[in-house]
Amino acid sequence: MTFLELSLSGAVFVLVIAAFRTLTLRRLPKGTFVALWWLAAIRLLLPVELASRFSVYTLLEALRPKASPALPASPVTPAAPPVLVVPTQPSAAPAPQPVPFPVWTVLWISVGLLLAAWFLIRYVRWRRRFRESLPADCPGLESWLRLRRRVQIRVTDQISAPLTYGLLRPVVLLPRSMDFSDEEALTCVLAHEGAHIRRLDGLLKLALTAALCLHWFNPAVWVLYVLGNRDMELRCDEAAVLALGEDSRERYALALIRLAEKQSVPLCGFAHRNGMEERIRAIMSVKKKSLLVCCAALALVLGITTAFATSAKPAEADDYEDIVDGELLAKSSAESAALWAETLAPYEPFGLTWTLDDPDLDGNGLSMTWEGHEVRGIYDEELYTWITEHSGESTYGPDAVELYTVYEDGKLTGLRLATKEEQARFDRDRRLGSGDARKTEELIDSLRYDDGHIYFTIPESEKPWSIFIQGRVLLEDGSGMSVHYLEEESEKAEWVPQMTYSFEVGDAAFDVLTMDVNYGIASYFYELNELLPKDGKPLALEPLPEGKADIPEGAEMIWPVDSSQITNSFGNRAKPGGEGVVTHTGVDIGGMEKGAPIYAAGTGTVKEAGFDATSGNFVRLTHNSGLETFYAHCDGVLVKTGDTVELGQTIATVGSSGQSTGPHLHFEVLVNGVATDPETMLKSPAAPEPEAKPEAKPESKPEPQPEAKPEPEAAKAPEAKPSETAAEPQPKEPHGLTQQKEQLVDGEYPTNSQGETYGNAFGSSLVGNDPELIAAKGTNGESGYISMEDQNITVGTPEEIIAYMNWKEENQVTGYIIPLYDKDHNVIGEFQVGEGGSGSKTFEEMKAAKAQGWPNSKGSQLEKKEPAFKSVEEAREAALNGWVGDSNGGYYIPLGE
């Protein structure tokens, strides 16, 4: 619990007591409220977190929506070693940044010390005056106090009303002007002061003063100080009246009034003027409380303290028994043990021993030893990986050590203890936070803009850096174009320490410009727009490039790019683990450089041209007969919404914007809103593509082609030969595919600390299925991963899918947001599935709706209509001929077929 949290919780406790006091002051014994003020002062002075299941904060915590408990953590599997690049521009190392001055901390300490000094000086000054007092010359006064310890009674002319001071040697100080012959008044005074001494009110006053000095900025603590002092007097008044008899109330009140004509000093005193009217009213209403009332007061004190002076109690394992299946935990614990065995196996031949004691089945409990030393972690210098169960100190002994690996010629040959310097660095980083994070901050601090360029310097470092700079520059017509800077350096990832890099942005206006930095275990996402001038200008539109040449005569539709390399085909494929399927609603076409032309597949109108985090820069065209084509992940879009385009017109260029791992085109064909395989619709471009490529050699246009017409089956085989004789270079493999190949471990995806596989969209063509976490860009442009399980929250049985579609239509749902993770499944942002806007649902809303069975008025029943067609083939033929209708109204297939 932080100091501010302590002060805030204490303020809540004080305000509750004040409200309770207002309602019950005359109904309960006055000691009830003094006890509560004691507890409030202790709560503010002791920085101890007292957890209770009966705390009001536990109740508030229970009312929050609970997430399912996460699976036990697994050891980190090291990523593939990065590749490095030499920078093109040297520079000096950045100057160290000064540590910000702790203004608020200094202010808090200064005011607190001044306030404490003020109280102390006043107390010392009054104590010096009291030294001049003389013993009272009335024999037997001490006996009236009826105390077990000796109390001095002294007289002075420095005060005008009686008071008490001193904790170990208490003194009752009487004014010299007091009429000692007035036995009634003297009896009332001594009864009151005796109550102060017996109840240690001087100690309570000291506690209230200390709380005020520490929490001077908290208004509730000033309320505590004022009301605490006032209730001390009320309690002593009550005790004195009850000791003297209830019939003494009137003369006690009169004595109080006579002695309170002047202000007293700030110590415990009979005639303290604070709340005098309230004291008189309370005295006149004093009655002996029944045992039942006293018991009720005690119960209320305990209840209020337990509810408001304690913090939320963390949920124990037993609390989750109704959420988490025990068998699942046992299985997960066994998997965690197996993963630790696999991870630590390379180090066991060199003396490492380990055990996993996991009685609560949470996957934790790793203990490692080496040559008699307790081991916190193993730093594998070859893999840039620190292998440990956790980075905290709580479960390690004071002599626990770090181990380093020993490699010779790239082969692990042993383990060694960290040197004193290395161990000190680990201890320092553990105290101060990640050293990787400080290096990342150092790089970000070096960023600067100067004369149309952005500069940054790589700090002195031992680990490789991963840096990606991308954005979207605005064009004159209001559209945008994706841009990437230092791409070659980003791909090779060799950023040299103490060197400065720069890239030119000119005076262009940017919609967004970001820098994604990763170093070791630290990552940083920085918006570079903050560095740019505010008067940036949109870029001028370039003339449209020429469209596709050699379009076959009479053709109505063509293939949209000069490549036939399909990197991800249309249709369903197995989800990771083999349970269920995911659907790819188009084809991904690779084998092209960034900037290659994208052609309109048919004559039509631009229905939409824009950008979103998933599709990047995109174009959607409408054609005749209910036909639409969609082009995504473009580098630049050359048309705008409402434009009329011709068959073969260049509408965009190939890029890698949005959720993409390399230059390619995601191409979709929709018939009446239903996604259809583009290769089937456009008769596959594999055969005609080589014909279109040698457009610079009209003489190579094969005239003898008609000879091949009688044998269309064989036409494709000879077609590869002309491409060979032309010695055309092979299409460059997409960077994302290369990246995924390098990341695979024995032909399989790498796994994260949770045991989940992760990779990019090209992985399915290499492994046969998608990873559990697939690379994506969040709504803010940040790179990360999305969970296929999250994305496919709408997948289920046929009945569930129908219920979802009915729910979606009834609630006008356009899409939903799912979490964006880093590779270790930590949430770093959001990812939009489908369209955004007011119809988009949060992930929590989607989970709640699914848990309720997608509630809607139709349930899981399709709307019953008479089929317009008798078969799928008949419906498809009608759609191709221009039929437009409800996708559920064309034909029906019984569930299960």
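**View 1. Salt bridges in the structure as a whole.** The structure holds 15 salt bridges, and it is shown here as a predicted model. Some of these contacts are linked to one another rather than standing alone, and the views below begin with single pairs before turning to a linked group.

**View 2. The salt bridge between Glu422 and Arg416.** The side chains of Glu422 and Arg416 come together in a salt bridge, with a distance of 3.0 Å from N to O. The two partners can be described separately by their cover: Glu422 has a relative accessible area of 13%, and because buried means under 20%, Glu422 is counted as buried. Arg416, on the other hand, has a relative accessible area of 25% and is therefore partly exposed.

**View 3. The salt bridge between Glu628 and Arg620.** In this close-up the side chains of Glu628 and Arg620 form a salt bridge, for which the N to O distance is 3.6 Å. Both Glu628 and Arg620 are buried.

**View 4. The salt bridge between Lys823 and Asp824, and a linked network.** Lys823 and Asp824 are joined through their side chains by a salt bridge of 3.9 Å, N to O. Lys823 counts as partly exposed because its relative accessibility is 26%, whereas Asp824, at 19% relative accessibility, counts as buried. Elsewhere in the model, Lys30, Glu238 and Lys289 are joined into one network by salt bridges that share partners.

**View 5. Strand β24 and the strands that pair with it.** Strand β24 covers residues 587–590, and from this strand Val587 and Ile589 point one way while Asp588 and Gly590 point the other way, all of them being buried. In a regular strand, side chains alternate between the two faces of the sheet. Strand β21 (residues 565–568) runs antiparallel to β24 and is joined to it by 3 bridges, and within this pairing Ile566 has Ile589 of β24 as its bridge partner. Strand β31 (residues 665–671) also pairs with β24 in the antiparallel sense, over 3 bridges, and here Asp588 stands opposite His666 of β31.

**View 6. Ala601 in a loop.** Ala601 has its place in the loop between β25 (597–599) and β26 (604–612). Because its relative accessibility is 0%, Ala601 counts as buried, even though it belongs to a loop. Tyr631 is 30 residues apart from Ala601 along the chain, and the C-alpha atoms of these two residues are separated by 9.8 Å.

**View 7. A patch of negative charge.** On the surface, Glu381, Glu382, Glu460 and Glu462 gather in a patch of negative charge. One of these residues, Glu381, lies in the loop that connects β10 (373–380) with β11 (385–387). With a relative accessible area of 36%, Glu381 is partly exposed, and because patches are made of residues with over 30% relative accessible area and no salt bridge, Glu381 can be counted as a member of this patch.

**View 8. A patch of positive charge.** Arg127, Arg128, Arg131 and Arg169 gather on the surface in a patch of positive charge. Among them, Arg128 is found in helix α4, which covers residues 103–130. The relative accessible area of Arg128 is 56%, and since exposed means over 50%, Arg128 is classed as exposed.

Key
Residues are numbered from 1 along each chain as its sequence is written. This is a predicted model: local features need pLDDT of at least 70, side-chain atom pairs count only at pLDDT 80 or more; totals for chains, interfaces and linings use all residues. Side-chain values use heavy atoms; hydrogens and water are left out. Patches are made of residues with over 30% relative accessible area and no salt bridge: like charges are joined within 9 Å, nonpolar side chains (Val, Leu, Ile, Met, Phe, Trp, Tyr) within 5 Å. Accessible areas come from the Shrake-Rupley method with a 1.4 Å probe; for residues, only the protein chains shown count as cover. A salt bridge is a side-chain nitrogen of Lys or Arg within 4 Å of a carboxyl oxygen of Asp or Glu. Lys and Arg count as positive and Asp and Glu as negative; His and the chain ends are not counted. The place of a charge is taken as NZ of Lys, CZ of Arg, CG of Asp or CD of Glu. Helices (H or I, at least four residues) and strands (E, at least two) are DSSP runs, numbered from the N terminus. Buried means under 20% relative accessible area, exposed over 50%, partly exposed in between (1.4 Å probe, protein chains only). Two strands pair if DSSP finds at least two bridges between them.
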